[in-house]
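Reader: I would like a close look at a single part of this model, with the pairing and the side-chain contacts spelled out. After that, please set the part against the rest of the chain.

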Amino acid sequence: MITLTDLYHVLTAVVPLYVAMILAYGSVKWWKIFSPDQCSGINRFVALFAVPLLSFHFISTNNPYAMNFKFIAADTLQKVIVLVVLAIWSRASSRGSIEWSITLFSLSSLPNTLVMGIPLLKGMYGDASGTLMVQIVVLQCIIWYTLMLFLFEYRGARLLIVEQFPDTAGSIISFRVDSDIISLDGKEPLETQAEVGEDGKLHVTVRKSASSRSEIFSRRSHGPNSGLSLTPRPSNLTNAEIYSLQSSRNPTPRGSSFNHTDFYSMVNGKNASNVSPRQSNFGNLGFDEESGVNVFGNAGRANGAYPAPPSAGIFSPGTTKKKANGVGGGEGGKDLHMFVWSSSASPVSEGGIHVFRGGEYGNELGAGVGHQKDYDEFGRDEFSFGNRPVTNGVDREGPVLSKLGSSSTTELHPKTGAHVESKLTNMPPASVMTRLILIMVWRKLIRNPNTYSSLIGLTWSLVSFRWKIEMPAIVAGSIAILSNAGLGMAMFSLGLFMALQPKIIACGNSIAAFAMAVRFITGPAVMAAASYAIGLRGVLLHIAIVQAALPQGIVPFVFAKEYNVHPDILSTGVIFGMLIALPITLVYYILLGL
């Protein structure tokens, strides 16, 4: 039976976190203490030092040889069940998509364990439950967040291939990605050069577009005050960031010049005049939103809806380049085609104020911004979260969910379902795709400070608990002085993020209600079933269910923002979920204690 004393202990552990969050919110929203640039500096410190050292502290002090494998198995089984169900749904249902599968997996099985879970569960069930939460944090950092990156990079690679090689993707046998590209999230214009070998197969090279490289060169040549307005580079701190982004409203798509006649004449040896070249998908480049299946009965909107804004992604084939000795499949049997993939026009693809945000956004934006916005105006036109007018001036509210429309990159012209499906099934071999995705995931991970903190912490715990080695007092004290501030600073940064948003419920009421049901009902229900199947009973079962009812994790939102996959839904899950999490977890705690 839960007593008032038990509830008091829980509130004692959790309320200070909310105090830090409210103080940060008021500092920006009410008292105007911090400017947006100052918020950026605070959160860069959190991303680089506080959160990674907090992760290291918890992981390094956890005994890996005394882990509760039943509890870990239950948590793993819950996530596997969700993944399998979503995979079947995305394949079998016309409403399924990889974007919604990723989002629903995040909502249902990736809670805020590090910042919210450890103090809350310690207050409810004692220090032993905190140890169990650390074990979950280890798995999340090393396994599940890496899997999330894999899924997002797979989606990015798939979009790139479908748009640039819709009819010839099956002929691709290799990819080479330049070392300066760290992600296929579409934030920077990318060129794909396809070289046809003597065997008739495509060897694709992915690199930054010439325009992107020239902008960087010009910026470096003319200095920060040259007046150039550039697209900021994406941050590398993707595991510990929350940020807000500005939009670019003036995309300049390039027309298609890829000659499919040449390709078929080379591969099949046919006369070019006998092959009908594929028409460009871009036409007059009208920004018409692709209609989808209206699940919630609301019409789509140009910005912030599902599918994403019409300017959310532009895949534009660029110029065609041919080798001097290989014209139209002649001598050498090789032809080189160049394409450009860019979603720089996406409302969430460019830099602005960022919370938990690393990178060079603050300095680079200064070159292209003529004046500082005040607090009340800041970000209202730059965010894709709110309900904004469609092109005809009618303000519509509510999302449209569709199989392809939920992608962050919208088709510029609607296509028939049969044609889209044929494009999606014509993909490179699985081994080629896997190698490409693993390369990109590895490049993201090695630039992430949380990757190092988690792996070093796990390594130290294995060594120290195996041979009873204590960390030197100087090192332990240096880490503790920053890691002790980690929880408070993480919540403070979350409060700054909340204050900079135009709306707490960013995705519309219907979608918000659906997301909260997945987060606080479906997730705990699946966890309860998985835990019972594994054999958890008593307090362990209660801990498993309550931790599944924690608010939305921060890292999945960061990924959603990086790759522009339903960021407003995950934003609502983080912000609104944090506000209602305490009463909901208390209800679970009381009911399970009866």
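Author: Two strands count as paired if DSSP finds at least two bridges between them. The model is a predicted one, and every value below is computed from it.

The part I take is the pair of strands β2 and β3. Strand β2 covers residues 190–196, and strand β3 covers residues 202–208. They run antiparallel and pair over seven bridges, where at least two would have been enough to call them paired. Within this pairing, T192 stands opposite V206 of β3. The two strands form a hairpin, with five residues between them. In the turn, G200 has a positive phi of about 80 degrees.

Next, the surroundings of the hairpin. Strand β2 is mostly covered, since six of its seven residues are buried, that is, under 20% relative accessible area. In a regular strand the side chains alternate between the two faces of the sheet. Burial is also found in β3, where R207 lies: both R207 and its partner D178 are buried.

The charged side chains come next. D178 and R207 meet in a salt bridge, with 3.2 Å from N to O. D178 sits in the loop between β1 (172–177) and β2, while R207 belongs to strand β3, so this pair ties together parts that are 29 residues apart in sequence. A further salt bridge joins E188 and K208, whose closest N and O atoms are 3.6 Å apart. This pair also links distant parts of the chain: E188 is in the loop between β1 and β2, K208 is in strand β3, and 20 residues separate them. Both E188 and K208 are buried. Through salt bridges that share partners, R176, D178 and R207 are joined into one network.

For context, the structure holds seven salt bridges. One of them lies within a single helix: D75 and K79 are both in α3 (residues 69–92), four residues apart, which is about one turn of the helix. Their closest N and O atoms are 2.8 Å apart. D75 has a relative accessible area of 1% and therefore counts as buried, and K79 is buried with a relative accessible area of 1% as well.

Now the chain around the hairpin. There are 18 helices and seven strands. Of the 594 residues, 56% are buried. Among contacts with a separation of 6 or more, 84% are between residues 24 or more positions apart. The chain exposes about 23800 Å², and carbon and sulfur atoms supply 61% of that area.

Two helices can be checked against their expected length. The 19 residues of α12 (residues 449–467) should span 27 Å at 1.5 Å a residue; the end C-alpha atoms are 27 Å apart, so the two values agree. Buried residues of α12 include P449, N450, G457 and S464. Among the elements that cover them are α2 (36–60), α6 (127–164) and α11 (430–445). For α14 (residues 486–499), with 14 residues, the expected span is 20 Å and the end C-alpha atoms are 20 Å apart, so here too there is agreement. Because 12 of its 14 residues are buried, α14 is largely enclosed by the rest of the structure. Its buried residues include G486, F492, F497 and A499.

Helix α6 also contains T146, which counts as partly exposed at 23% relative accessibility. T146 and W442 are 296 residues apart along the chain, yet their C-alpha atoms are separated by 9.2 Å. Apart from neighbours within four places in sequence, T146 is in contact with C141, V441 and L445.

The surface offers a contrast to these covered parts. L11, V15, V19, I22, L23, W30, W31 and I33 form a nonpolar patch there, with about 750 Å² of accessible area together. One of its members, I22, is found in helix α1 (residues 4–29). I22 is partly exposed, because its relative accessible area is 46%.

Terms used:
Residues numbered from 1 in each chain as written. Predicted model: local features only at pLDDT ≥ 70, side-chain atom pairs only at ≥ 80, totals over all residues. Heavy atoms only, no water. Patch = residues over 30% accessible without salt bridge, like charges linked within 9 Å, V, L, I, M, F, W, Y side chains within 5 Å. Areas by Shrake-Rupley, 256 points an atom, 1.4 Å probe, with all protein chains shown as cover. Salt bridge = Lys/Arg side-chain N within 4 Å of Asp/Glu carboxyl O. Buried < 20%, exposed > 50% of the residue type's maximum accessible area, 1.4 Å probe, protein only. Expected span 1.5 Å × (residues − 1). Contact = heavy atoms within 4.5 Å.
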